[in-house]
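Biologist: I should like to learn how helices are read in a model. May we look at one together?

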Amino acid sequence: MNDSSDSIRRDAVPYLSLLIAAVNALIFFVVRHDCALDYGCLYRWGGEFNVAVAAGEWWRLLTVAWLHWDFGHLILNCLALIYFGRAVEAAYGARRFLAIYFGGLVASSLAVLALAAPATMTAGASGAIFAVIGAHVPLNTRLDRWGVLMNRRAGVVQASTVALLFFSSMGEGVSVTGHLGGLVAGMALGAWFRRVSEIRDRATRRERNDSAKACVIRREAHTLPVPVIAGLVVAGAVLLGFNRTAQLGRISGAGDLYVVDDTDIERARVLGFARDLREAIIEAPPPDVILLRREGEGYALGVLGSVNHSVDPDLVRREMALNVMVIAQQALGDTELAFAMLDFDLRETERFDPSLMAAVREPARNLRRAKDLLVEGDADGALDALAAASQGPQYFLSPRTQRLAILEQQGRIADAVAVADEIRSLFSDNAQVLAQTGSAYVRLGTPERALSMLDQALATHPDEPALINARGVALESLQRYAEAERDYRDLLRLQPEAAVAHRNLGDVLEATRRYDEAVLAYTRALELAGDQSWLRVLRAWAMIGAGRCPEARADLELVHQREPGNTKIFAPLANALLCVGDFAGVIARLAPFADRPDEDIHRYLGDAYFLAGDLSGALGEYARVRTLAPANAYASMIHYIVARRLAGPEGAAFAGAGLGPIGDPDRDLADYIAPLPPDRWPVPIARMLLGQLSPEDLLAVAAARPQPERVDWRCEALYHIGERAWLAGDRAAALDAFDGAVATGATAMMEYDLARWRARQVRAAGSAGEARPL
């Protein structure tokens, strides 16, 4: 080896550099053909993911160099490899070039493993190429026997080139630690190889004159500081990597748990590690701590949210520490092991001091015990454990909110309200917690209490979005729609991209019969929140109210295709199909589920059979609804109408259909309304059907209601007046009543659709009592 790169042949062909570049290009196009070049794709093909390497997938330290993020990444790496590789390959020789390339690759990968975040994902040959660049430095520098730079001018030029390349790589998504590891390893190996070659060249030249001196010079190849330092650098990188692995895998065998920086959450999700996503009770993004743990061949991601740091940072630390400990216990199955690991590892986050971790130790044990008891079905035992978790020198939010949820599920409203009051008093300065407590009061049926608390909180935090939204929900539950709408529009002025505000605004607009505006609000929520099925369902209901039934049907059919077994979609889908007159479609979709004890399924099947003219099938379905939901007034009255029609001339058509005894419809309906107050809706409708109230008096009762109920009640009244007229054989009066129900425009009412289709049946009838199915 010569001292200067000027002696390197300018026409030297870098065969190995070209071969490595070609292999990289070939693998790039194979991977690109297989999948999109994203985190998940490159992970499957062997990208370096620190947690996976620490878990034993060491082969990723090498396979990382054959993958690239995009075409530009590949081209830049290949050009740099060929440009610098020509000189390095020609100067050092093929074997040493490969040693530099792959030695730099390993050093680069170990540097990423040792210094980068656990969820770091890297791909590319940059680390190995920076090793080649680093090995290029000694070619234009001269060192004395102690490794001291002698040609300072050449050294400055080389150092400037390396610095320029290095700092140009310090962009977003670029692994600086990997580049630095490869660069240092390349410079060390290059200096080592060059010094050894120089010593051997000098020994060869002097061998003929002084063989004894030559032996001394040869020994210098193994004793000079340069190779010793180079060896220490490489050994240090290896030790750092193994040390990091020891930290990450300290609890190997019991399950691996890692604390991951919050910037890596989306990366971890894309990689498919969110198989078991746990969110803390406080759900305000962005998350502060992510826990990633080994689960068989995959990983589980535990996400801990945060509350407003400016309001109560101590609460944030307490809740995060508590939930970190709980998830650690669940991952490891051992409280003491979890405590030891967290005390060791979480100090790096600068969020949890040892005294805080000690304070959460016992509450976390009780919180985990409560979760186990819930799994076993022992809700009372879980409540006791949660009460114990709430005690201590530190007060915690999570156990109290979980107690509140259990009590709410058990219907223990008074106890649940007491827990909500406790949360309210302990966290009176935290806007996020007060907003959640307000929502809990609404769910518990005490919206007035929520409204009072939220008004007080907004006096202190007037522009807090969570409080404004919670007050809107409380006002909406009190049917104070104008004020609720004002709150939601104020919220949209503060957060125009808040999907929840658009959704809640849509609810208010639908409640006030402004269906087209509601459709627009739900559409905007869909755009902001992603294509979520439940938002499509809400929009479909608004479309049905607006009379846009074909559009609603298209939305709901799409949801039904995605979730064919989701029975929650049956009610709106059946409504849309009935609206467009596809009675057979309702029967085809719901009949396979007729064995389920779901009153909506049987009610809509009854409506479909009824409008299709199958009175026998309708009677059976309405009878099933009455059994499942005895208080269902709609089913009781339609059952009465169908039974009366079957008892009359129309029943002859079903004589051979296996129709059971109809009984006494009048007595059945009278028995249903007997225990109910006479002025409670829809008792007046039942009394009109039984002849105890005139149609005019029924309409007067409906007219006395405030809007928008007045329109809905009038629609219901007119429909049933039409059915009574039909039963009495008065075809003209029936048509007038059905047309009147349609004229109300109460498109959201089932009676509206029934009246619309029954009017068509009556018009198609040859004479009273012979209505033909559509």
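**Reading helices**

Modeller: Let us begin with burial, bearing in mind that this is a predicted model. In helix H18, the buried residues are Ser398, Pro399, Arg400, Thr401, Gln402, Arg403, Leu404, Ile406 and Leu407.

Biologist: What span should the 13 residues of H18 have?

Modeller: The expected span follows from a rise of 1.5 Å a residue, so H18 (residues 398-410) should cover 18 Å. The C-alpha atoms at its ends lie 19 Å apart, which agrees. After H18 comes Gly411, with a positive phi near 75°.

Biologist: Which residues are buried in H31, and what covers them?

Modeller: An α-helix has 3.6 residues a turn, so residues three or four places apart point the same way. In H31, burial applies to Leu615, Ser616, Gly617, Ala618, Leu619, Glu621, Tyr622 and Val625. Their cover includes helix H30 (599-612) and helix H32 (633-647). H31 itself (residues 615-628) reaches 20 Å between its first and last C-alpha, close to the expected 20 Å for 14 residues.

Biologist: At roughly what angle do the axes of H1 and H5 cross?

Modeller: The axes of H1 (residues 15-34) and H5 (residues 71-92) come within 8 Å and cross at roughly 165°. An angle over 145 degrees counts as roughly antiparallel, and H1 and H5 are therefore roughly antiparallel to each other. The crossing of H1 past H5 is right-handed.

Biologist: Which residues meet there?

Modeller: Those of H1 include Leu16, Ile20, Phe28 and Phe29, while those of H5 include Phe71, Leu74, Arg86 and Glu89. By kind, the residues of this contact between H1 and H5 are 13 nonpolar, three polar and two charged.

Conventions: Residues numbered from 1 in each chain as written. Predicted model: local features only at pLDDT ≥ 70, side-chain atom pairs only at ≥ 80, totals over all residues. Heavy atoms only, no water. Axes fitted to C-alpha atoms, helices over the stretch in contact; angles between N-to-C directions. Helix = DSSP H or I, 4+ residues; strand = E, 2+ residues; numbered from the N terminus. Parallel < 35°, antiparallel > 145°, perpendicular 65-115°, else oblique. Left-handed = near helix turned anticlockwise from the far one by under 90°. Contact = heavy atoms within 4.5 Å. Nonpolar A, V, L, I, M, F, W, Y, C, P; charged D, E, K, R; others polar. Expected span 1.5 Å × (residues − 1). Buried < 20%, exposed > 50% of the residue type's maximum accessible area, 1.4 Å probe, protein only.
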